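User: Could you take me through one part of this model closely, the contact between the two chains, and then tell me how it sits in the wider picture of confidence and cores?

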Amino acid sequence: MDRRSFLKTSSSAVVGSSLIGLGAQTSAARTIAPSDQVRFGVIGVGSRGKAMMRRFLREPGVSIGALCDVYEPRLDEGREITGEATPVYDDYARMLDEVGDLDAVLVATPLSFHAEHMIAALDRGLHVYGEKAMGFTVDDCNAIVEGVRRNDRLFQIGQQWRYSPWYREAIERVHSGEIGQVSHVYGYWHRNYNWRRNVPEPSLERLINWRLYREYSGGLMAELGSHQIDIANWVFGEMPDAVMGSGGIDFFHDGRETFDNVQAIFTYPSGGTFVFSSLIGNHKVGYQIQIFGTGGTVELTLADGTLFFEPARERSAVPKELIERGIYTTPTLSTQGDMPYRGAGLPIEIPEGPAGEPTYQAAASFVESIRQDKRPFADELVGWRTAVPVALGNRAIQSRDRIDFADYVEAP
Amino acid sequence: MGTTVEIYLYAADSQQARTLFDAAFEEIERIDATLSTYRPASEISRINARAGTEPVTTDPEVFQLINSALSYSRSTDGAFDITVGSLREAWGFFRGVGQYPTKAELDRAKENAGWQYVALDSAARTIQFLRPGLELDLGAIGKGYALDRAAVVLSASGVERALLGAGQSSYLALGAPPGKTGWEVRVALPDNLPLGVTEQQERVLSKVLLHDASLSTSGSSEKFFELEGRRYSHIIDPRTGRPADGMVQVTVVASTAAESDALSTSAFVLGEDHGATWLRERPGVTALLVVGTLERARIDTVNWSQLVESTDDAKSADKRP
């Protein structure tokens, strides 16, 4: 496909995503009544595939109609969840051809196979829940979006933090101006863990540890960074237009090819900056996202969110009406000189809503989208705006260049 | 889970051991994230929040675990019960301190408990509470289940020899150490060291060579509180709403850790009169019970001699007045 023509057609849709997008209707041909069964086929029954299967099965009326994996033990593990009667395949095309009553496909395969598997499912008229990152290369990402459009199907990307109640609440408050003008987002995802899986025999190394090999994997930038790039995109309401970075194999000299630490700086057209750091040799900071505004800071973790307000200063950009409402006053941080603030912040309270964790919420929302023919909040464009920066971020690190997105895709 | 999990295994080298530990602990973390009542986003918390107002669909694994817990409730006429959170709360167990609830508090807590008010629909895989205040707490079976699952992950990775322990009260053995017929686990005398695999020789009640089997101990000497000179265990008798008494310690060996966990808790609550009898009706189970009170304890066993080489300490324990 011609890259420019794709982007011409897509650029009008590349707008800042917001919660308002949730209710948008698509023109998909078939609408399933809410009481109807929704049947999934699964391509890729590894740890992520199984985790998602369990989430989907927590929704009434959802069943798993077929499983596909190239590694046979995974099929047995999958059947432990779905039951012994579930048909299993080692060839996804056969599964898609032979299992006639599927509504949707969950794709949870290694990154380099996403486009092949997702497009095959879309071309057979099935909706797709696709694991992140959406596509391995820029061309893959373009082809997946084109496949969604060509078939007029629903696509949801597995960026489940879009469905976290505390993320939604926090970002809504950021968008309302509560921490002033947001200029920077910092994301850390640090672990102390070799990122390896046990391999029963050496010939299975690349199959099981595919995350460590560049032929299949975008490494930490793809597997962890994609979530956080997506949050920065959500905060800024746009996607980056340039990236530079560095990375290396500094902790684990064990034959792996993907970096065990990456640092990248993404810049955004309206002036925002996202700084991403992932390393697997130190766990101190764990997973954190810090959203810095002129009037305060929001910190997000995998379990909660916290708000900090800057000390009262003339240049504070906190809207006056918020100060008048008293929101500004209570948890204002105070520090001595340039010492870091070490006090407590104001917890982000989650308004009344459905219980459950983000991955379950994401699964439930996709099922609802299918039943109501409703465009998912984390749709293919959310996926595209994340996976393209992942691919170009890795390119920047490998080439040691600053990458202008306009050289690879049309600036959105 | 609020407990310490330990894993011993044999591997080719330290890197392989590390990836195996990571895989096993990842699975334990998955189970904890699914079952923990302390985590507001867990599946059990989601069920607890909604099942009082409508049937809640859950995944096959969680459904099966709840179903299995309720089958222990049926078989023990309610001595085993996963709905006693309100009673544990009333007795202050969640805060780690004991308190004697008032009659009104106890009555209210009792109204919010009762396994017979959990309605399951296995075709739709739904759970519904017929009393809105009910809450599930799978603690009495979930810890063992987490060990079972971790062992499945290790087996699938080719591990043939491992010992997994949780909170020094449940141990699950895969195979045996090289040249041995089983993993040696020592059952401590009550009121002394908890069950463990330390080199501590003193006051060992019994030694078990555990091979492809699980051992769990429920006791009042490890977790208890004292009020006005009386000692209460942290195990609630759901039938009375009060801490169980009449049993000092129950150790059960069964094929899975979820089962040995459930059986030891059940027998502890069934108490002096019914605990051992109930265990004897269950095929393949062996058990060592310290019956009565700490002051007047006696030993009872269920098929235990096949496993146990009785130590001098155990003999002297038997002679306790």
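Analyst: Happy to. One term first: pLDDT is the predictor's confidence in each residue, from 0 to 100. It matters here since this is a predicted model, with an ipTM of 0.86 and a pTM of 0.88.

Let's go to the contact itself. Chain B brings 21 residues to it and chain A brings 16 residues. On the chain B side, at least two residues each come from helix H1 (14–35), helix H2 (43–50) and helix H3 (60–75). Of the elements on this side, H1(B) gives the most, namely six residues. In character, the side of chain B that touches chain A is an even split: seven residues are nonpolar, seven are polar and seven are charged.

Now for how far to trust each chain. Chain B has a mean pLDDT of 87, with 85% of its residues at 70 or more. Two stretches of chain B deserve some care. Residues 193–197 stay under 50 in pLDDT, and the model gives them 20 contacts beyond four places in sequence. Residues 308–321 of chain B are also below 50, with 21 contacts beyond near neighbours in sequence.

Chain A averages a pLDDT of 88, and 83% of its residues score at least 70. Its residues 1–30 have a pLDDT below 50, yet the model shows 41 contacts for this stretch beyond near neighbours in sequence. For residues 326–331 of chain A, the pLDDT is likewise under 50, and eleven contacts reach beyond four places in sequence.

Turning to the interior, the largest nonpolar core holds 103 residues, and those touching the most other members are Phe40(A), Val42(A), Ala104(A), Val105(A), Ala121(A), Val128(A) and Val235(A). Val128(A) makes a good viewpoint: leaving out residues up to four places away in sequence, Val128(A) touches Ala104(A), Val105(A), Val107(A), Met118(A), Ala121(A), Leu122(A), Arg153(A) and Phe155(A). Apart from that core lies another, of 93 residues, including Leu35(B), Ile47(B), Ile127(B) and Leu289(B). Such groupings fit a wider habit: in soluble globular proteins, nonpolar side chains tend to be buried together.

Finally, a strand in chain B is worth a look. Strand E7 (residues 183–188) of chain B is largely enclosed by the rest of the structure, because five of its six residues are buried. E7(B) runs antiparallel to strand E8 (residues 204–210) of chain B, and six bridges join the two. One pairing to find on screen is Val187(B), whose bridge partner in E8(B) is Ser206(B).

Methods:
Residues numbered from 1 in each chain as written. Chains lettered and ligands numbered in written order. Predicted model: local features only at pLDDT ≥ 70, side-chain atom pairs only at ≥ 80, totals over all residues. Contact = placed C-beta atoms within 7 Å. Helix = DSSP H or I, 4+ residues; strand = E, 2+ residues; numbered from the N terminus. Nonpolar A, V, L, I, M, F, W, Y, C, P; charged D, E, K, R; others polar. Buried ≥ 20, exposed ≤ 12 C-beta atoms within 10 Å, placed from the backbone. Pairing = 2+ DSSP bridges. Core = buried A, V, L, I, M, F, W, Y, C linked by C-beta atoms within 7 Å.
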